[in-house]
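Here is a walk through one protein chain, by question and answer. Each answer sets a value against its cut-off.

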Amino acid sequence: MDFQTEKEPFCSLRELFSGSSEQPVDLDVTLPDYCPDISRILKCQVKPQVTARQIVGDRLTVEGTSLVRLLYVDEEGRGVRNCELTSAFSTSFNLKQTPENPVVFTSVRVDFINCRAITKRRIDLHGAFTVFAHVFGVQREELLTNSSGAGVMMKKKHCEADQYLSAVQQPFTLSETFELDPGKMAEALVRFSASGAIADSKVIADKVIVKGEITIDFLYLTDVEAGTLDTAEFTAPFSQIIDLEGIDDDCICDVRLELLSVQAQLMPSSAEEAAQLETEVRAVVTAAAKQRITMPVITDAYSTQYEMDLQRRAVCLEKKIDQLNETFLCKGSISASADAVASVTDVWCNVVSADAVFREGKLEISGRVNVCLLTEDAERVPHYFEGMIDYSASHEYPNADEAVTALPDVSVASAGYRISGADSIEMRLELKLNAAVCSQTKENIVCEMIPDEQKPKAHDHTCALTLYYADEGESIWEIARRYDTSQEAISKENDLSGEIVETRGMLLIPAI
């Protein structure tokens, strides 16, 4: 028996692992000597930051630091004071396999934090945060695309899919020194945070040029004795050239920015020099290259000469259909204590969650933002409030083959507010969304076909044609399989053009 099969290699980037690890926070803190005594705690914050992540074999290790920031009012009520301390954390994940050329994404979420003052100089802090990890790796497989001999008939389907080429995660550090206006005094740093966005990416031969900017905002004390505060915001551009083998103008390139950690130090102003803010941001740019291909897959097969063993399996073919890079608005209100909001000193936000769900032709992206506010009442006494605001955005993909997926990256671009009463603040948030949107088609394909020489099919060679009365809508392929002939022969004999019988009637089934 002369029988041969043909296979073609296919590579895809698949999520191999998704997991989380809860990290406890249990601290007994005594204030340093330079910090005044505690009268009232405004807020105790924990800000975990990832500093390193490494895969060795089938194990992912994530290391980082958690910055604990205590905002409080001293006994003389002279504004907001702060005390900071840093502790290290480390966690590991069992991936259950060793990924090839892995791509790792991590994020952290503070679950809860409880803080109480035991004495005027000592606090007891308990809480927890969760480290999330997503690991993607290369999945290589060979798909059966053709065969010849043994009277094998194949039902083929030509599918579009994105063939994975390569991916690179390039870490970089952005160090900048910003100078405040010479007329502004700055004596101590109270709070800082950073956000970033990719503005443009360009593909050239074997390289990707990525440009973007990182914005850092600060809250600082202008007068330690009086406890008065001011804010500042600075933006720094960045540019990265990423070597990505095999990429060219015809490729699809997904680019994503992660901010891992940010550090800041204030150099106070003096009579001669303006205050300076020294910052260091550690970030990672991920670039993944794909190529759109059209490939034949075999969805069914049979032999007209032998009984045949078919082995099937499900395969998921993915292709990028959209790149979301946009801003959208969400609104909500934050409740406050009565008469505690004569003015707002500072606002900062953290995106707590970002999920994507596809239903009824729509990709729905939703999550929550934690809004934090420092306010002053009419007597200029500081207060702190926070609350969650829900957001959502949707995009229609009615022509998607089966399912639509995305791993959304949502950040807060700006936050506006309006004091709507003695106990309420209306928030207007501008959110930035970045997400590669992909459609997934699941096909049940034939992965192996083995004709059995020991089981030849019996044929009646006394007649060249068989009469068959077909119903409307019957599959010509199924009729051909039943009579051990070919779909092409039936279509040619009966002058049929489609895949199904359009009208009920008699068909001539030729023997082959």
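Q: What makes two rings a pair, and which rings link into a cluster?
A: Rings of Phe, Tyr and Trp pair if their centres lie within 6.5 Å. In this predicted model, ring pairs link F178, F218 and F234 into a cluster. The structure holds 10 aromatic pairs.

Q: Why is the pair of F105 and F136 called edge-to-face?
A: The centres are 6.0 Å apart, and the cut-off for a pair is 6.5 Å. The planes stand at 75°. Over 60 degrees counts as edge-to-face, so the pair takes that name.

Q: What parts of the chain does the pair of F105 and F136 link?
A: Distant ones. F105 belongs to strand β5 (residues 103-119), and F136 to strand β6 (residues 122-148). They are 31 residues apart. Both F105 and F136 are buried.

Q: Why is the pair of F328 and Y391 called tilted?
A: The angle between the planes is 50°. Stacked needs under 30 degrees and edge-to-face needs over 60, so 50° falls to the remaining class, tilted. The centres are 6.0 Å apart.

Q: Where in the chain are F328 and Y391, and are they buried or exposed?
A: F328 is in strand β13 (residues 306-335) and Y391 in strand β16 (residues 382-396). The two are 63 residues apart. Both are buried, which means under 20% relative accessible area.

Q: How do you know which charges sit over a ring, R69 and R256 being the cases here?
A: For Arg, CZ must be within 6 Å of the ring centre and within 35 degrees of the ring normal. R69 lies over the face of F192, at 5.3 Å from the ring centre. R256 lies over the face of F105, at 5.1 Å. Both distances fit the 6 Å cut-off, so each counts as over its ring.

Q: What makes the side chains of strand β17 alternate?
A: In a regular strand the side chains alternate between the two faces of the sheet. In β17 (residues 403-406), V404 and A406 point to one face and are buried. A403 and T405 point to the other face and are not buried.

Q: How do you know that β17 and strand β19 pair?
A: Pairing takes at least two bridges, and β17 and β19 (residues 424-456) have four, so they pair. The sense is antiparallel. One bridge joins A406 to V437 in β19.

Q: What makes β14 and β15 a hairpin?
A: Strand β14 (residues 343-359) and strand β15 (residues 362-376) pair in the antiparallel sense over 15 bridges. Two residues stand between them. R359 stands opposite K362 in β15. In the turn, E360 has a positive phi of about 50°.

Q: Why is D206 called partly exposed?
A: Its relative accessibility is 39%. Buried needs under 20% and exposed needs over 50%, so D206 counts as partly exposed. D206 is in the loop between β8 and β9 (207-223). Its phi is positive, about 65°, although D206 is not a glycine.

Q: Why is D495 called exposed?
A: Its relative accessibility is 70%, and exposed means over 50%, so D495 counts as exposed. D495 lies in the loop between α2 (487-494) and β21 (505-510). Its phi is near 55°, again a positive value in a residue other than glycine.

Q: How do you know that there are cavities, and how many are there?
A: Rolling a probe the size of a water molecule over the atoms shows where empty space is left. A search of the whole structure finds four cavities of 30 Å³ or more. The largest has a volume of about 120 Å³.

Q: Which residues line the largest cavity closest to its centre?
A: G196, A197, I198, D409 and N434, out of 13 lining residues. The elements that give two or more residues are β8 (188-204), β11 (252-267), β18 (409-421) and β19. By class, the lining has six nonpolar, four polar and three charged residues.

Q: What lines the second largest cavity?
A: S12, L13, R14, D162, Y164, K290 and E318. The space is about 70 Å³. β1 (4-30) and β7 (152-179) each supply at least two residues. β1 gives the largest share, three residues.

Q: How many residues in the lining of the second largest cavity are charged?
A: Four are charged, two are nonpolar and one is polar. Asp, Glu, Lys and Arg count as charged, so R14, D162, K290 and E318 belong to that class.

Notes: Residues are numbered from 1 along each chain as its sequence is written. This is a predicted model: local features need pLDDT of at least 70, side-chain atom pairs count only at pLDDT 80 or more; totals for chains, interfaces and linings use all residues. Side-chain values use heavy atoms; hydrogens and water are left out. Buried means under 20% relative accessible area, exposed over 50%, partly exposed in between (1.4 Å probe, protein chains only). On a 1 Å grid over the protein atoms alone, a cavity is a set of points where a 1.4 Å probe fits but cannot get out, and a pocket is an open set with protein on both sides within 12 Å along at least five of seven lines; lining residues have an atom within 4 Å of a point. Grid points are joined across faces, edges and corners, and a volume is the space filled by probe spheres set on the points.
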